[in-house]
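Trainee: Could you take a close look at one pocket for me? I'd like to hear what lines it and how much room it holds.

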Amino acid sequence: MANPQGIPVIGGLLNKIIGSRNDRFVRRYTSRTEAINRLEPGIRQLTDAELRAKFLEFRDRHDAGMKTDELLIESFAVAREAMDRAVGIRNIFNPEAGFDPDQLSAEDRAIYDQVKAEAEALPDLLPRTLLPKSGPPPEGVPDEGDEFLGCTEPVPGWQRVEIPIRMYEAVRELYPESRPPFRARPFDVQLIGAMVLSGGKIAEMKTGEGKTIVAPLATYLACIERQQVHVVTVNDYLVQRDRDWTFPFFRALGLTIGAIHPQHQQPEELKQWMYRCNVVYGTTSEFGFDYLRDNMKRSIEQQVQRKRQFAIVDEVDSILIDEARTPLIISGPAHDDQPRYDMSDRLARYLVEKQKPWQEREDQVEQCKQKIKGLEGDIRQIRDKSQVPEMQKQLDAAKSELPHLEAERDAHTQYYEVQMDRKSCHLTHDGISEAQREAGVGSFYVDENMDVPHLLEQALRAHAVYQLDRDYVVMDIDDRASGRREPTIVIVDTFTGRPMIGRQWSDGLHQAVEAKEGVPIKQETQTIATVTIQNFYKMYKRLSGMTGTADTEAQEFRDIYKLDVVTIPTNKPVIRADYDDLMFLRAKDKWEAIVDEIKAFHDVGRPILVGTTSVERSEMLAQMLMRKHQIKHNVLNAKQHEREANIIEDAGSLGAVMIATNMAGRGTDIKLEPITREILLDHWLRRSIASRGLTVDSTDEELRENVYRKIAPSVLSMPKREAESMDFAELELKLLRHWATSNTWAPSGKIDTMDAETLRNELDGSGRSLLHRLRWFDTIEEMGGLHVIGTERHESRRIDNQLRGRSGRQGDKGSTRFFV
């Protein structure tokens, strides 16, 4: 049924009455969560040993014919308790966690001391999968029962000692809220997420909702069903970090957990043991390459992976949609002899140099054409028609200049043609003749010279089309064969800005770029075994995943993988402010505005994360910030890939500025750090927005007066003496009106009639200023939290949402704005 305009109304009415499909899913899972919560008091009375024994009890019941749905509620109640105990409360005995036992009552303190003494008396346990290290072998006793299979370090006593139930309850009273390091009780929404994964669906959970906890909860039920689970994360660092962080949870339930890494980091024998664990963490490429390598082995005994039963994919949209068609390739040498890359590179450099006069004139012709287009557009759209005659004069001048520029260009020789949109480059007849003359060769098209035109065109592409720090970076990488570190060309993913280590361009282009940059040239390769990521994941019997932004691709997941997407509600409401985009006609104006917005927030002390689309842009912005405002900052792009998580952990500190390529920092939390008046004062003095007369004992009014009188001369372009002597109320009003004029859309006539409080409210709505609300802030969240700036809109709305999702996590304040 439709209304007179042809718009369907039945679907909308039904959704209002019975809820959308997603609402119905969430209601069903919520009722199960309530049942899990009802079991919690009883489960909390189980000892550590009884909790571990539950796994075999559930498995026996499953083997006897009990359905998975009947086991779900009880098994999830056990998993929730194990997570809180093992990943949270047990940390009170971790020497690195810094727990203060003096907080405990006298009776509980006595129990704590007794358990601690027992833990210290236990020898370290040496698992079978211990990583060999230089120096004396570690002391301890072997793990005969393989209880800690998958651990690469000795297991200390505090991770194995039995803790009395009373101790768990005492810590829960001390820390009623579930926050690391001493509590890790999964929220209801995390249980819902885990149930969605367990049922072979995709859980869309907003960033900051604790996806690291959700995957392990889902694996427990699968292990009860005798399935091995592969948990897939986005990089090797997160593989080991997530495995080590959640390992106590699996141990508390009587399960083993391993992690797989590339060949040069992990011997084959060690990897075989890792695959014998109940749950294995790894990256898509490592699981895929193990499958390909297994197919090339001569016997089943040599294979490592064998089973592909259940995969839980983190950042599932990135892996199953963005990279779905990406092939995983095992290659072998393509030639017996070494092609002439060096000669091709020398000829390409020669032709690029010879073409410079033509190229310079061609650039002038293109600039003139752009100017003509811009003026024609401005004349059509300008509101102030009095400016049209002057613009018409400029347009006529540009049109008359164009033929002269083209004639100057045509007086020079073009040796090759470049098509940037296709990333291609082709020699002209003049180019071939000049290259043959320079090489001292009669013809490239006879006998042993037949390969030169192809190699030369690839070398020209390397020089004229592909740019360092945009399309690729030079990084020191461990060679897969030898394990030695050497400078290597690493392709940069255009979607994410991440380095794609191990990937190569084909047809000799990669070798041409290596010759251009002077790094060791690797042998050209041919494909021996290959599988696309999409086809690899279709081999799993059950597939599920989680991400912050899958709903926009829900139909694609349904069509290709037969996976439903369930949007999970947030644990706390999102209160982030997403401001309207700011649009500019010229790129130069946009970048200037971005730099000014960074300064406005940085001066007051708000942390800022700036998302860029390429390494080149991130470094350009970094230079602009230092040159114009001397703002200290961190740059996180493909070059700092290894240090990604460490760099981003500091991004929530006072006044921190982080410039990152769009995908950097996915999977790592940006935590807002605590602040004091002393730290605030030091920051304001260093940014020169406060004078030395300000102290930590000053009131909010004294603070504002001090700062406003200090900045007024530069902001309002007035003499310093006038700013110091003017009545403060008048000075404040002048500043507020100035900020309202430059940062809001209010008409100037209206601004002149507004009082101070109205102006402040107007400025609040713009989200572009903070000085108008300056006071002694107690927390960074009180300032407004993390501010995210997007420097460009991405063609995929999902990638924009991922950047936005770095801010306003777990109910924190935050704000975002895109510049276009």
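**The second largest pocket**

Mentor: The lining of the second largest pocket is a mix of 8 nonpolar, 6 polar and 7 charged residues (nonpolar being Ala, Val, Leu, Ile, Met, Phe, Trp, Tyr, Cys and Pro, charged being Asp, Glu, Lys and Arg, and polar the others, Gly among them). Keep in mind that this is a predicted model, where local features need pLDDT of at least 70 and side-chain atom pairs 80 or more, while totals for chains, interfaces and linings use all residues. Numbering runs from 1 along each chain as its sequence is written, and side-chain values use heavy atoms, leaving out hydrogens and water.

The volume comes to about 590 Å³ (the space filled by probe spheres set on grid points joined across faces, edges and corners). Here a pocket is an open set of points on a 1 Å grid over the protein atoms alone, where a 1.4 Å probe fits, with protein on both sides within 12 Å along at least five of seven lines; lining residues have an atom within 4 Å of a point. Of the 21 lining residues, D596, K599, A600, D603 and V715 sit closest to the centre. Two or more residues each come from α20 (587–604), α24 (700–716) and α26 (728–743) (helices are DSSP runs of H or I, at least four residues, and strands runs of E, at least two, numbered from the N terminus). Helix α20 gives the most, 6 residues.

Elsewhere, S544 lies in strand β15, residues 542–547. S544 is buried, with a relative accessible area of 1% (buried is under 20%, with a 1.4 Å probe and protein chains only).

Methods: Buried means under 20% relative accessible area, exposed over 50%, partly exposed in between (1.4 Å probe, protein chains only).
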